Amino acid sequence: MKVTVGVTGGIAAYKSAELVRDLQKHALDVHVVMTQAAQHFVQPLTFAALTGHKVITGLWAPEDSDTGEAASAIEHIDAAQTTDALVIAPATADILAKMAHGIADDFLTTMYLATTAPVIVAPAMNVNMWQHPATQANLETLASRNVRIVSPESGYLACGMVGAGRLAENSAIVEAVLSVLHHRNDLAGETVLITAGGTREALDPVRFLGNRSSGKMGYALADAAQRRGARVILVTAPTALRAPANAEVVQVITTEDMRRAVLDRLDQTTIVIKAAAVADYRPRVQVGQKLRRSGPLTLELEPTEDILAEVVERRRKGTLIIGFAAETEDALAHGRDKLLRKGADAIVLNDVSREGVGFDSDRNAVTFLTRDRAMELPEMSKRELADRILDEILELRHPRHMLSESDSDISVKSGA
Ligand code: PMT
């Protein structure tokens with residue numbers, strides 16, 4: 001996991017070097033961003049040597065200043081999107097004020113606004129600055145926006161005064177970082193095969209039958225599973241998404257491609273999650289040349305293979321098979337029908353008629369359906385939902401939730 005340490009200009013900046021080492025001891029990939037003021041206290045080279053990464057020292061890297069090219073101008077967006085946590089230590093009164101007021105006039109403040117990752121600040125400053133109502137008001141604002149504050153300690157300060165304002169111990173800062181990262185390794189030893197995106201069936205060399213799947217749900221599951229220690233095989237139809245760095249990615253286009261890719265890897269897999277929206281029909285005849293427009297056109301379609309059902313049939317003992325179902329009406333009944341008909345261990349039921357969730361949205365709400373229960377997972381980001389779905393899948397391994405042979409009524413529980 002990637003953690004970005006933001007170093008700002010205070011005497012405690014030298015302690016950030018030790019913080020970087022302590023974070024690295026937890027197998028975290030640490031990157032450093034320094035404000036200009038911080039560079040008066042510590043050289044960027046120190047952090048570059050410790051981390052093995054370029055240290056970011058400004059919005060406009062020297063190599064770009066001649067050309068004025070936008071390359072470094074978007075670096076903060078990339079850094080903001082790829083980090084799993086941003087920890088600013090030491091955080092001066094100045095950076096807290098800028099963060100509270102949304103001022104983005106350097107790399108670190110711009111990155112702060114652009115990131116959706118958890119943010120932690122460890123303030124360090126003179127006791128009067130710390131106690132000043134402006135600083136305290138800024139901290140309150142930041143806390144109300146879910147910024148985690150690791151409060152400074154009391155003691156002798158660099159300015160010669162005694163009181164609160166000394167940077168918290170590294171152990172407290174590291175603990176805060178680990179707790180926001182929710183370090184979990186509960187899928188270690190599992191090989192999770194996830195399908196994602198919408199398959200495409202060619203009509204002619206330039207057109208295809210497709211669907212609205214963006215792949216976001218499947219990719220979120222791949223990311224979550226990998227972060228929880230699983231080996232991940234991502235079988236993906238075309239999407240505009242970047243796959244998790246260490247997943248084994250198998251690109252496919254048609255349902256038949258996906259079928260082969262999944263079946264070929266089934267023996268290595270302990271959990272299959274079929275989040276892809278798979279074409280149920282393909283044109284019976286594929287035309288070799290572009291179809292010309294000449295009045296009404298009738299297409300003859302034939303059913304594709306049901307990959308999910310085939311996977312259930314061919315699985316090794318102990319492999320969990322989880323399907324998805326995208327429904328537009330009578331979702332629970334259709335979902336339950338699919339669960340029983342296809343023989344999966346669970347179906348993640350998507351009511352795709354609802355506004356703002358399902359296809360292409362960043363958010364989703366589902367019901368995790370097994371033969372004996374239905375757990376409602378309310379609307380949340382697809383990434384959060386991915387973790388909740390994985391929690392439910394892991395519960396299936398628990399005897400308490402083993403499949404019952406009965407078709408008894410399903411009670412719906414809320415997982416809110
Ligand atoms: O990709 P996003 O934009 O993030 O949107 C997410 C999603 C809505 C696509 C996803 O969450 C979802 O619901 N995926 C399943 C869509 C679908 O194909 O549902 P279905 O009810 O048609 O199929 C049921 C299950 O059978 C699915 O697991 C599907 O992968 C599988 N199937 C279907 C047809 C087929 N020929 N072979 C299959 O394996």
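Accessible areas here come from the Shrake-Rupley method with a 1.4 Å probe, and for residues only the protein chains shown count as cover. The model is predicted: local features need pLDDT of at least 70, side-chain atom pairs count only at pLDDT 80 or more, and totals for chains, interfaces and linings use all residues. Residues are numbered from 1 along each chain as its sequence is written, and side-chain values use heavy atoms, with hydrogens and water left out.

**Exercise 1. Describe the chain as a whole.**

Step 1. Start with the surface. The chain exposes about 20,300 Å², and carbon and sulfur atoms supply 50% of it.

Step 2. Take the extent. The C-alpha trace spans about 80 × 55 × 35 Å along its principal axes.

Step 3. Count the elements. There are 14 helices and 20 strands. These are DSSP runs numbered from the N terminus: helices are H or I with at least four residues, strands are E with at least two.

Step 4. Turn to burial. Of the 416 residues, 50% are buried. Buried means under 20% relative accessible area, exposed over 50%, and partly exposed in between (1.4 Å probe, protein chains only).

**Exercise 2. Place phenylalanine 359 and find its contacts.**

Step 1. Locate the residue. Phenylalanine 359 sits in the loop between β17 and β18.

Step 2. Check its exposure. Its relative accessible area is 23%, so phenylalanine 359 is partly exposed.

Step 3. List the contacts, meaning heavy atoms within 4.5 Å. Leaving aside neighbours within four places in sequence, phenylalanine 359 touches Asn211, Arg212, Ser213, Ala277, Ala326, Val352 and Lys382.

Step 4. Compare sequence with space. Phenylalanine 359 and serine 213 are 146 residues apart in sequence, yet 5.3 Å apart in space, C-alpha to C-alpha.

**Exercise 3. Examine three backbone details.**

Step 1. Look at proline 90 in strand β3 (residues 85-91). The peptide bond from alanine 89 to proline 90 is cis, with omega near 0°.

Step 2. Go to aspartate 330, in the loop between β16 (320-327) and α13 (331-342). Its phi is near 50°, a positive value in a residue other than glycine. Aspartate 330 counts as exposed because its relative accessibility is 54%.

Step 3. Finish with aspartate 360, in the loop between β17 (346-351) and β18 (363-369). Phi of aspartate 360 is near 65°, again positive in a residue other than glycine. Its relative accessibility is 44%, so aspartate 360 counts as partly exposed.

**Exercise 4. Trace the salt bridges.**

Step 1. Set the rule. A salt bridge is a side-chain nitrogen of Lys or Arg within 4 Å of a carboxyl oxygen of Asp or Glu. Side chains of opposite charge can pair when their charged atoms come close.

Step 2. Take the total. The whole structure holds 29 salt bridges.

Step 3. Inspect a pair within one helix. Arginine 260 bridges aspartate 257, with the closest N and O atoms 3.9 Å apart. They are separated by about one helical turn because they lie 3 residues apart in helix α11 (residues 255-265).

Step 4. Inspect a pair between helices. Glutamate 310 bridges arginine 259, with the closest N and O atoms 2.9 Å apart. This pair links distant parts of the chain: glutamate 310 is in helix α12 (residues 307-314) and arginine 259 in helix α11, 51 residues apart. Both glutamate 310 and arginine 259 are buried.

Step 5. Find a network. Salt bridges link Asp186, Asp223, Arg228, Arg383, Asp387 and Asp391.
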